[in-house]
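Student: I'm new to this one and would like to go through it step by step. Could you bring it up so we can start?

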Amino acid sequence: MAGNLMKPLTGLAKHASAAASLQAVTTRSVSLTAANIPMARYGGRHTVTMMPGDGIGPEMMSYVKEVYKHAGAPVDFETVTLDPSTDNYDDLYNAIASVKRNGCGIKGNIETKMNRPDIKSRNVEMRNELDLFVNLIHCKSQPGIKTRHEDIDIVVMRQNTEGEYAMLEHESVDGVVESLKIITEASTERLCRHAFEWARANGRKRVTLVHKANIMKITDGLFMQVAKRVSADYPELEHNNMIIDNCCMQLVSNPWQFDVMILTNLYGTIVTNLICGLIGGPGVISGANIGPRYAVFEPGTRNTGTSLVGMNKANPCAMLNASADLLNHLKLDYHADLVRDAVFKTVNVDKVHTEDLGGQATSIDVVQNVLNHIKQATK
């Protein structure tokens, strides 16, 4: 799956009328747009933006560097530290500029202060500025992790740049607060078409749209109408829709009915966490934020793991899997397979599990086992 994250985007060219509005800059008779400026790459090596994030993020990034070193991955990291506690956004602008320069990044989870309404979410701002319109998470059961449900294989396509995360809130009068939910036809069609293209390219059978159109009749109504219209272009794929609250119950009782899911921003993050909880928790699954030009890779759930900092207990597998997704994105498939296979064997064959998976292994135990597999494979 990870190797095909960007593949459907190539099939969207004829539908991406918005791309034609990109402003071209003419310099010395050469027309440059955001689509043809080359990414940073020096001496055959790739430069990637690394944003450690909060909580256990910095620890996880140190493991990624160690794994890349042993795998021989030709990647250099440009580290950008983000500070979500301040309303000075220089750090955010630096991070965005770095990703635009390098083309992709890997990110730890960034904590947003809940008691500071004057501070914008750096996660949301970054997705909007980089046009990372879809958050793709492949939630698949791991044979070495004992859970209540087995053989779950669901791909979540979460809307990343609109919906309930528009951050447009205001107090109309004292004691009355309003929050705007933004849904546009163009962005919804781009998301839905990406999901259907991905499903077609990867041999999937069904695409389910999750909504609350029975209450949010105009916003989610438009979301549902656009998906239905797009589905007509993919007659070989079954398309259905489901109300979000029923969807959560169905996921717990019968998750095997789901294949590919399309969700708005808020519903997407709730459902993603629910499914990850069904298959092993926050320490296993990776996620990709994808746009027409840029991509940022991170753990599949939004846990910073603050309570585990410095305890050598956090599960590094989600971040290591994200690093394998990043290598696939860079077309370094050999190195990606090295890392992904080493993580898979560690979790499912050797069953070196941290406490969150019911084991006694430390973070370093897991990483060392991954490194051992990489060394064995590269002899």
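Tutor: Let us begin with helix H4 and its surroundings: the cover over its buried residues includes strand S4 (45-51), helix H3 (90-102), strand S6 (104-107), strand S8 (153-159), helix H8 (265-279) and strand S14 (286-290). Here contact means heavy atoms within 4.5 Å, buried means under 20% relative accessible area with a 1.4 Å probe and protein chains only, and helices (H or I, at least four residues) and strands (E, at least two) are DSSP runs numbered from the N terminus. This is a predicted model, in which local features need pLDDT of at least 70 and side-chain atom pairs count only at pLDDT 80 or more, while totals for chains, interfaces and linings use all residues. Residues are numbered from 1 along each chain as its sequence is written, and side-chain values use heavy atoms, with hydrogens and water left out.

Student: Okay, which residues of H4 are buried?

Tutor: They are Arg 122, Asn 123, Val 124, Glu 125, Met 126 and Arg 127. That is six of the eight residues of H4, so the helix is largely enclosed by the rest of the structure.

Student: And how many cavities are there?

Tutor: There are three cavities of 30 Å³ or more, where a cavity is a set of points on a 1 Å grid over the protein atoms alone at which a 1.4 Å probe fits but cannot get out. The largest cavity has a volume of about 40 Å³, a volume being the space filled by probe spheres set on the points, which are joined across faces, edges and corners.

Student: What lines the largest cavity?

Tutor: Its lining residues, which have an atom within 4 Å of a point, are Lys 107, Asn 123, Met 126, Arg 127, Leu 132, Asn 289, Val 296 and Glu 298. Helix H4 (122-129) and strand S15 (295-299) are the elements that give two or more residues to this lining, and H4 gives the most, with three residues.

Student: New topic: how do S9 and S10 pair?

Tutor: Strands S9 and S10 (residues 176-179) pair in the antiparallel sense over four bridges, where pairing requires that DSSP finds at least two bridges between two strands. His 170 stands opposite Glu 178 in S10, and the two strands form a hairpin with two residues between them, where Gly 175 in the turn has a positive phi of about 85°.

Student: How many residues of S9 are buried?

Tutor: The count is zero among the five residues of S9 (residues 169-173), which is hardly covered.

Notes:
Buried < 20%, exposed > 50% of the residue type's maximum accessible area, 1.4 Å probe, protein only. 1 Å grid on protein atoms, 1.4 Å probe; cavity = no way out; pocket = protein on both sides within 12 Å on 5 of 7 lines; lining within 4 Å.
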